[in-house]
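Open your viewer and get comfortable: this is a short tour, one selection at a time. Each stop tells you what to pick and what you will find there.

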Amino acid sequence: MIDSSQHKGSLLEVDGLSVDYGLKGVSSRAIDRISFELRAGEAVGLVGESGSGKTTTAMAIAGLLSPNARISSGEVRYRGNRLPIDHDAAMRPHRWSETSVVFQGAMNALNPVHRIVKQIAEPCMLKLGMSRGEANARAKELLELVGIPADRGAAYPHELSGGMRQRVMIAMALACRPSLIIGDEPTTALDVITQAQILKLLGELRSRLNIALILITHDLSVVAECCDRVMIMYSGRIVEDGTVAEIFAQPKHPYTRLLIESIPNPASGKKIIRPIPGDPPNLVNRPSGCAFHPRCPSAMGICATELPSLDKFGQGRVACHLHRSSQHDKVAAHA
Amino acid sequence: MLDAADILRLESLQVHFPIQGGLFDRVLGRPAGAVRAVDRIDLNVGRGEIVALVGESGSGKTTVGRLITKLAQPTGGKLLFEGRDMTFVQDLSALRPYRHRVQMIFQDAYQALNPRHTVFDIVAEPLRSLRLVDNRTQLTDRVSEALASAGLNPPDDFFSRFPHELSGGQRQRVVIAGALAVKPELIVADEPVSMLDVSIRAQILQVLVDLRDKHNVALLFITHDLPLAWLIADRIAVLYLGKLVEIGSADEITFNPRHPYTVALRNATPQIGANAGRAELPALQGEVPSAARVPNGCRFHPRCPLAFDRCRQEEPPPIEVGPQHMSACWLAK
């Protein structure tokens, strides 16, 4: 088992993590030197478009990368111990017990020929060494916890609606009392009202059970509702990291700002469509310097040549030359 | 009654898909039911107007789009285009002039494009099949024009490309160009941006709004996203279980909703800005019932926090609650 002695400070540390995917002899970098920390009980949103590396980051943390993925640098530490994320068998004791994942397509993740109570009981028997009777009791308890009457446990997945199935997935994720849940677009396939129900449930469970949450989504407004912190990813890198309040009030990175402006917001009263020019970058042929520079309205000469590092800025971090230059000036003034 | 400015008018339009009972049911003489996908909808779209049709999955919003584009047959009511009754027209030769003027944009651009056709052939297809051009030069001109209007510049760069060589945003533009090529007067857009990355959505919305502003094209914009509907539309119609429950100007529906379902929809929509950090998400209980078992009375009553006796027995008619603002709720008065 993983050493569960309380490590001071972070629950999870991701340190300089890079992952490459090999396809037909061509290697492309999905995430590039990602570093961040997560405290126990903290909820962080990982936001990006398709191809930004948000899912790769999360799957790497859970040790669930596909076979053609290669970890080319960095490591992940959990309560101070290095996780064997590239070793499937060695990760097994960690999964479910410490970190569980709620996937997007709940309908595809459940076994259609088993009753749901059996599917929830299974990890309890395997991981916690419970007898079938104990595990069934635990499964019913978990169903109640996620808002499904325990007698519905006898149902098969096809008898439940999408929202109910997603609740079952959450119950399974909670089965072995993990400290971290990774939600990979857990509400994307759901309707607005069901989405609100599931987000509310996740929020309640998190504060009640003190579980840390990594929420992967392309939808900034979902993050605004239920996370403490948000990390914005673009083309395999974190470009901005900060508290939800800070990022929405004062986005630092031009990409973050344009992203927020492009969300229709009736509260602002302004019916203006502000498109971000261009297309998201190709991973095999990433732009030089800052990957966002071809689309950035504030791009300068340096942006095309030099990759901005993710530096501390105020309470958070930002990777943009616009904000680095001011720091350089300060350093220059001191010298 | 008929407003001269209206290009499209739906009067009590309905589609009931019959359910074929099993052998057992037939032997026992149990009545076969029907899925009431669209139930007596009244809706009009003016020339150059953008109307958003908002609803959850199963609300029938896509079926309404398919009825208007004649991809599905109604079982009752009327569909009037410029005052002409198109409800039961099925003959291909009679539909050709209609399809020339009414076009549809589908949600999934990847599935809507033939992977073995070039962009040129995809956009040229409706022009050829509707016989709108006489020669190759005209065809090339029309295709170029359509691609440029959809924001694919310069157009000739895209002529010989295949769908797999394009990004998601470019594919959706090709779908739009295909719809534009015939210069329609009404476009039905079924969730045209929901499959796209957030940073690309605004580009596509801009293309659609430009169409209206520059060519006075009317747009029926089908979406599940209320803030998005507010952003793009002049009027919003809210659909629940095959029935229009509220219709009004985009601002009225967004800031002064008068049907409990619209209120629930608005409250459930995650928002940034003013409401950010809101501790509690007010959530509606339960889920949309099956359209095969529509509840009696007001179909929203089993989930409605305000339901009272009358709602369980009597279906509320659309009640005028303001200028051009109707709500089908007994409490709306």
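What covers the buried residues of α11(B)? Keep in mind as you look that this is a predicted model. Select the helix, then show its surroundings: the cover includes α7 of chain A, along with α9, β9, β10 and α10 (250–255) of chain B. Of the 9 residues in α11(B), 7 are buried, so the helix is largely enclosed by the rest of the structure. To colour the buried ones, pick P260(B), Y261(B), T262(B), A264(B), L265(B), R266(B) and A268(B).

**Stop 1: where the chains meet**

Stay with this region and select the contact between the chains, which takes 35 residues from chain B and 37 residues from chain A. On the chain B side, α8 (198–215), α9 (226–232) and α11 (260–268) each supply at least two residues. The biggest share of that side comes from α8(B), with 8 residues. Colour the chain B side by class and you should find 18 nonpolar, 13 polar and 4 charged residues.

**Stop 2: the core**

Now for the nonpolar interior. In soluble globular proteins, nonpolar side chains tend to be buried together. Here the largest nonpolar core has 190 residues, and F221(B) and A229(B) touch the most other members. This core also draws at least three residues from each of domain 1 (10–98 + 178–318) and domain 2 (109–175) of chain A. Centre the view on A229(B): leaving out residues up to four places away in sequence, A229(B) touches A52(B), V54(B), F221(B), T223(B), I236(B) and A250(B).

**Stop 3: the sheet in chain B**

Switch to a cartoon of chain B and follow an open sheet of 8 strands with mixed pairing, in the order β6-β7-β8-β3-β9-β10-β12-β11. At the edges stand β6 (102–105) and β11 (319–322) of chain B; each has a single partner strand, so one side of each is left without a neighbour in the sheet. Neighbouring strands are turned by 25° against each other on average, direction ignored.

Zoom in on β10 (residues 243–249) and β12 (residues 325–327) of chain B, which run antiparallel and are joined by 2 bridges. One pair to label is I247(B) with its bridge partner in β12(B), M326(B).

Next, add helix α2 (residues 61–68) of chain B. This helix lies across β3 (50–54), β6, β7 (186–190), β8 (218–223) and β9 (235–240) of chain B, and runs at about 150° to β8(B).

**Stop 4: the two domains of chain A**

Hide chain B and give two colours to chain A, which is divided into domain 1 (10–98 + 178–318) and domain 2 (109–175). Their centres, taken over C-alpha atoms, are separated by 29 Å. Where they touch, 12 residues of domain 1 are in contact with 12 residues of domain 2. Helix α7 (residues 192–209) of chain A gives the most to the domain 1 side, with 5 residues. That side divides into 9 nonpolar, 3 polar and no charged residues.

**Stop 5: two residues of chain A**

Is Q166(A) buried or exposed? Find Q166(A) in helix α6 (residues 162–174) of chain A. With 30 other C-beta atoms within 10 Å, Q166(A) is buried. Draw a distance from Q166(A) to V102(A): they are 64 residues apart in sequence, and 8.2 Å apart in space, C-alpha to C-alpha.

Then jump to T305(A), in helix α11 (residues 301–305) of chain A. T305(A) counts as exposed, with 10 C-beta neighbours inside 10 Å. Leaving out residues up to four places away in sequence, T305(A) touches S288(A) and G289(A).

**Last stop: backbone details**

Select N153(B) and P154(B), which are joined by a cis peptide bond with omega of about -15°. P154(B) is in the loop between α6 (136–149) and α7 (168–180) of chain B.

Finish with two non-glycine residues. S235(A) has a positive phi of about 50°, and lies in the loop between β9 (229–234) and β10 (237–243) of chain A. E191(B) has a positive phi of about 45°, and is found in the loop between β7 and α8 of chain B. S235(A) counts as buried, with 24 C-beta neighbours inside 10 Å, and E191(B) is buried with 20 other C-beta atoms within 10 Å.

Notes. Residues numbered from 1 in each chain as written. Chains lettered and ligands numbered in written order. Predicted model: local features only at pLDDT ≥ 70, side-chain atom pairs only at ≥ 80, totals over all residues. Core = buried A, V, L, I, M, F, W, Y, C linked by C-beta atoms within 7 Å. Buried ≥ 20, exposed ≤ 12 C-beta atoms within 10 Å, placed from the backbone. Domains from an automatic or database assignment. Contact = placed C-beta atoms within 7 Å. Helix = DSSP H or I, 4+ residues; strand = E, 2+ residues; numbered from the N terminus. Nonpolar A, V, L, I, M, F, W, Y, C, P; charged D, E, K, R; others polar. Pairing = 2+ DSSP bridges. Axes fitted to C-alpha atoms, helices over the stretch in contact; angles between N-to-C directions.
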